[in-house]
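Here are a few notes to read alongside the structure. Have the viewer open and click through each point as you go.

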Amino acid sequence: MREEIVEAAKLIASTRPWIALTGAGISADSGIPTFRGPNGLWRRYRPEDLATPEAFQRDPHLVWEWYRWRMEIVFRAKPNPAHTALKRLEDLGVLVCVITQNVDGLHQLAGTRCVIELHGSIRRVRCTSCSYRAEVSEPPTEIPPRCPECGSLLRPDVVWFGEPIPSEALSRALELCERAAGIIVVGTSGVVMPAGMLPHIVKSRGGYVVEINIEPSAITSIADVFVRGRASEVLPQIVALVEEMLRRAYS
Ligand code: OAD
Ligand code: ZN
């Protein structure tokens, strides 16, 4: 067993409550491409050039093409052992909530009860002018899709660059950061705010930061333990050790 895995498990088993912050990297092994890094780009576009209200206004067809492609992948994807490990940690009473930047809904599919979606969900669409909202389970057949109520353009119910995080999601996330004993940061580059700021809030209060990523990120310099590796391999090992440590402590 690698030393950092044991260190991470010891920290996690020694205190509570823990929260987690997840990013695209946790779903990479479910076959969903990340935004940044190798193979992170769709065609030649950076996310900052597509996931914006301006891009949508300029070329809704292009933005919808990107989301249709991502919806096709997400609707076929299944939670991987990293999602399942976090669900197990919640069942153990150690993890109180998963705060995610992902829009794929895989934490909920894995059974995690407390999930805060900072960036919305690709499994919902909403109207750009009326209050129409709907759940979707397949990509739109015609793009850009139109509102059945008023005929305006529909958009994915996600947060774009330059748009605020839904205020309830953000305030719940901030509250959790104020009382968490530690935060497990999984598969995020940590460069998109305000999500990337959450580990710093926990750290500044004296909480622990455990990070899992295949490479160093913007969070790594404040991590108490950095475990380098794929989330789907590393997280199940950490959680199995935590479980063993807790069992021993109570027997
Ligand atoms: P990024 O694509 O920026 O970063 C993905 C991170 O996951 C990188 O640090 C990778 O090293 C890491 N990674 C890749 N595969 C991994 C694996 N198997 N196990 C562990 N780590 C792995 O994704 P996010 O940080 O989630 O926002 O991006 C943040 C936001 O930027 C997204 O929510 C999205 C995007 O634009 C909006 O669309 C508003
Ligand atoms: Zn409408």
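**Notes on the ligand, a ring pair and two cis bonds**

1. Let's start with a backbone contact: in glycine 187, a backbone N or O atom lies 3.2 Å from an oxygen atom of ligand 1. Keep in mind that this is a predicted model. Taken alone, ligand 1 exposes 790 Å², and the protein buries 94% of that.

2. Glycine 187 has company. Phenylalanine 35 also brings a backbone N or O atom to an oxygen atom of ligand 1, at 2.8 Å. For glutamine 101, the distance from a backbone N or O atom to an oxygen atom of the ligand is 3.1 Å.

3. Now look at the wider surroundings. Ligand 1 sits in the largest pocket. There are 23 residues around ligand 1, and the ones that come nearest are Phe35, Arg36, Thr188, Ser189 and Asn213. What mix of nonpolar, polar and charged residues makes up the shell around ligand 1? Nine are nonpolar, 10 are polar and four are charged.

4. On to the rings: the count comes to five aromatic pairs. One to look up is phenylalanine 56 with tryptophan 160, whose ring centres are 5.1 Å apart. Why is this pair called tilted? Its planes meet at 40°, and planes under 30 degrees apart would count as stacked, over 60 as edge-to-face, so this pair is tilted. The pair also links distant parts of the chain, 104 residues apart: phenylalanine 56 is in helix α4 (residues 53–58), while tryptophan 160 is in the loop between β6 (154–158) and α8 (167–179).

5. Last, the backbone. Most peptide bonds are trans. Here, though, a cis peptide bond joins arginine 16 and proline 17, with omega about 5°. You'll find proline 17 in the loop between α1 (3–14) and β1 (18–22).

6. The bond from methionine 193 to proline 194 is cis too, and its omega is near 0°. Proline 194 is in the loop between β7 (182–186) and α9 (198–204).

Key: Residues numbered from 1 in each chain as written. Chains lettered and ligands numbered in written order. Predicted model: local features only at pLDDT ≥ 70, side-chain atom pairs only at ≥ 80, totals over all residues. Heavy atoms only, no water. Near = heavy atom within 4 Å. Polar contact = N/O pair within 3.5 Å; in protein donor to acceptor, adjacent residues only side chain to side chain. Areas by Shrake-Rupley, 256 points an atom, 1.4 Å probe, with all protein chains shown as cover. 1 Å grid on protein atoms, 1.4 Å probe; cavity = no way out; pocket = protein on both sides within 12 Å on 5 of 7 lines; lining within 4 Å. Sits in = over half its atoms within 2 Å of the grid points. Nonpolar A, V, L, I, M, F, W, Y, C, P; charged D, E, K, R; others polar. Phe/Tyr/Trp six-rings, centres within 6.5 Å; stacked < 30°, edge-to-face > 60°. Helix = DSSP H or I, 4+ residues; strand = E, 2+ residues; numbered from the N terminus.
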